[in-house]
Structures are given as C-alpha cells and as structure tokens.
Amino acid sequence: MERLNIAEKNHQDWFGGHYFSDQQYDPEFEEIVRKFLCGDVLVHGTLSNVQRALVMLTALTASQTWKPLSKYVLAALDMGAAPEEIKETLYQCAPYIGVEKVKCALDEVNKAFQSAGIVYPLEKQAKVTEENRFAKGLAVQQEIFGEDNIKAMRRAAPQELKHIQDYLSAYCFGDFYTRGTLDLKMRELVTFCAICCLGGCEPQAKAHAGANLSVGNTREMLIEAITQCLPFIGFPRTLNAISCINEVTAEK
C-alpha cells in the first residue's frame, strides 16, 4: 500500500490529479503508468524535484513526444522550476537533436507558459557576441573535455571537416553552453540525457558521460537522471545508457 499512497500523493503534487490517458478507453493502462511514474520513478534517488522535471522535459523533447509536454511544463513550474530554466533546458537540446524538434517542443512550452500567466519577454541569457562566440565556446569545450584533447581533435580533423569542428566550438559550446541560468553541471546532465534518449549515439553518450564526471556530476547522478527518462524512452535505450555509464566509470 505504501507505493499506492506515494503514487497518489505525487500524482496530486506534480500533476494536480489529472489523468495521463483516456479514462474511458484505457483505465488499466492509466493505472499502470501512473503508479510507475508517480510511485516508483519520481521517488527514486536524490535529484531535486526541479532536476527531475528538467530531465523529464529533456526526454520528452528528445524523443519528440510533444503532445503531453504542456502538462509536464506545468508540473515543472509547480515543482519550482523557473521559466528560464525550462527554456534553457530545451535550448540546450538543440545542438544534439536538431533545431526544428526543439521548436516543436517550444510551441508547447509557450502554450503552457501562457496558461500559467508567465509574462514575456523572459530575461535574455546570451553571454557571447558575434566576435567572441568561437573563443568563448572553445574555452568551455576545453574546460569540459581537456585542452590537450580538444587541440588534438581539431588538429586531426581533415580539411574537409574542419568547419564541423569550428561549428562545434562556436555554435554548440559558444552559443549554448555559455548561456545563463543553467550551470555547466546541469547543461551536461541535459546533454547526456538528450543523447541517450535519441538512441544509436552510444559513442557520444560515452563521451558526455565522461564529460559529466569532469564537471562534477557523479555516476549516481547519471543513473538517477536516466531513470527519470525511463518511462518516456523505454528499457532498451535506458539499458544502453547504463552500459555507457558503466563503461566510462569503469575506466575511472
């Protein structure tokens, strides 16, 4: 009964008691998923409720599950996430899942914000200029992955791919990682989750599992974060992510 009581409380606290699916046609499915999410997943580990909410939004965005996003955005706000934190979480996904997927997710976020009475415009978070975005991005990239590693990667790139390395430094790390509100640890956690939710990107998942460790996140945090993604991405991608975590942490 304890699990049922916990599920009922979390269902009320997070989602105001609103159902996840059609009660007329699929009440048994509703009961199973509600108990799993609210009675098991949401109480596992030591992530804060804000961190849990941002990770769930990452999973929904990366897996292109846009229809229910508004519901989870409102839950994130109820759990104490600032509007800027929610927006920055989705922005952070863009270099990894593509801009149009993020735009579709942002449409749902904006609808939720309007229903919640969020006043626009939000505070600007950009910290770079056109003149320094490459240098600032390269500095963050080197901070995360190591100066020698990044220099070696850039030197090894063939001439026809050097523009990709420049885009990586200026766009991914310059335009996004330098932004305000989310710190480097949370941005790397979001990045790792987004990549794992995509599936088929295990080399990049392993690289960012290592990056998480380098910025101060722990193996336990990575496992806890991917656990929050599980209801939205299923067991195969979750187990693949755990394999990446195991492989990287075994090397440390």
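**Where does glutamine 64 lie?**

Solution. Glutamine 64 sits in the loop between α3 (49–62) and α4 (69–78). Helices are DSSP runs (H or I, at least four residues), numbered from the N terminus. Phi of glutamine 64 is near 60°, a positive value in a residue other than glycine. With a relative accessible area of 39%, glutamine 64 is partly exposed. The classes are: buried under 20% relative accessible area, exposed over 50%, partly exposed in between (1.4 Å probe, protein chains only).

Ground rules for the exercises. This is a predicted model, in which local features need pLDDT of at least 70 and side-chain atom pairs count only at pLDDT 80 or more, while totals for chains, interfaces and linings use all residues. Residues are numbered from 1 along each chain as its sequence is written, and side-chain values use heavy atoms, with hydrogens and water left out.

**Exercise 1. Describe the backbone at threonine 181 and at the peptide bond between tyrosine 120 and proline 121**.

Step 1. Recall the background: most residues other than glycine have a negative phi, and most peptide bonds are trans.

Step 2. Take threonine 181. Its phi is near 75°, a positive value in a residue other than glycine. Threonine 181 belongs to the loop between α9 and α10. Its relative accessibility is 39%, so threonine 181 counts as partly exposed.

Step 3. Take the peptide bond. Tyrosine 120 and proline 121 are joined in cis, with omega about -5°. Proline 121 is in the loop between α6 (99–116) and α7 (133–145).

**Exercise 2. Trace the salt-bridge network that contains Glu88**.

Step 1. Fix the criterion. A salt bridge needs a side-chain nitrogen of Lys or Arg within 4 Å of a carboxyl oxygen of Asp or Glu. Side chains of opposite charge can pair when their charged atoms come close. The count by this rule is 12 salt bridges.

Step 2. Pair arginine 179 with glutamate 88. Their closest N and O atoms are 2.7 Å apart. Arginine 179 is in the loop between α9 and α10 (184–198) and glutamate 88 in helix α5 (residues 83–97), so the bridge ties together parts 91 residues apart in sequence. Both arginine 179 and glutamate 88 are buried.

Step 3. Pair arginine 187 with glutamate 88. The N to O distance in this salt bridge is 2.9 Å. Arginine 187 lies in helix α10 and glutamate 88 in helix α5, so this pair ties together parts 99 residues apart in sequence. Arginine 187 is buried, as is glutamate 88.

Step 4. Assemble. Glu88, Arg179 and Arg187 are linked in a network of salt bridges.

Step 5. Add glycine 180, in the loop between α9 and α10. Glycine 180 is buried, at 9% relative accessible area. Contact means heavy atoms within 4.5 Å. Leaving aside neighbours within four places in sequence, glycine 180 touches Glu88, Gln125, Lys127 and Arg187.

**Exercise 3. Characterise the salt bridge between arginine 154 and aspartate 166**.

Step 1. Get the distance. The closest N and O atoms of arginine 154 and aspartate 166 are 2.7 Å apart.

Step 2. Place the partners. Arginine 154 is in helix α8 (residues 147–156) and aspartate 166 in helix α9, 12 residues apart.

Step 3. Check exposure. Arginine 154 is partly exposed at 23% relative accessibility. Aspartate 166 is partly exposed too, at 31%.

**Exercise 4. Why is there no disulfide at cysteine 38 or cysteine 196?**

Step 1. Apply the cut-off: a disulfide is a pair of cysteine sulfur atoms within 2.5 Å.

Step 2. Test cysteine 38. The closest cysteine sulfur, in cysteine 229, is 16 Å from its own, too far for a bond. Cysteine 38 is buried, with a relative accessible area of 0%.

Step 3. Test cysteine 196. Its sulfur is 5.9 Å from the closest cysteine sulfur, in cysteine 244, too far for a bond. Cysteine 196 is buried, at 5% relative accessible area.

Step 4. Report the total: 0 disulfides.

**Exercise 5. List the surroundings of threonine 227**.

Step 1. Locate threonine 227 in helix α12 (residues 219–251). At 18% relative accessibility, threonine 227 counts as buried.

Step 2. Find the backbone partner. A polar atom of the threonine 227 side chain lies 2.7 Å from the backbone oxygen of isoleucine 223.

Step 3. Leave aside neighbours within four places in sequence. Threonine 227 is then in contact with Val41 and His44.

Note on methods: Helices (H or I, at least four residues) and strands (E, at least two) are DSSP runs, numbered from the N terminus. A polar contact is a pair of N or O atoms within 3.5 Å; within protein, one must be able to donate a hydrogen and the other to accept it, and residues adjacent in sequence count only if both atoms are side-chain atoms.
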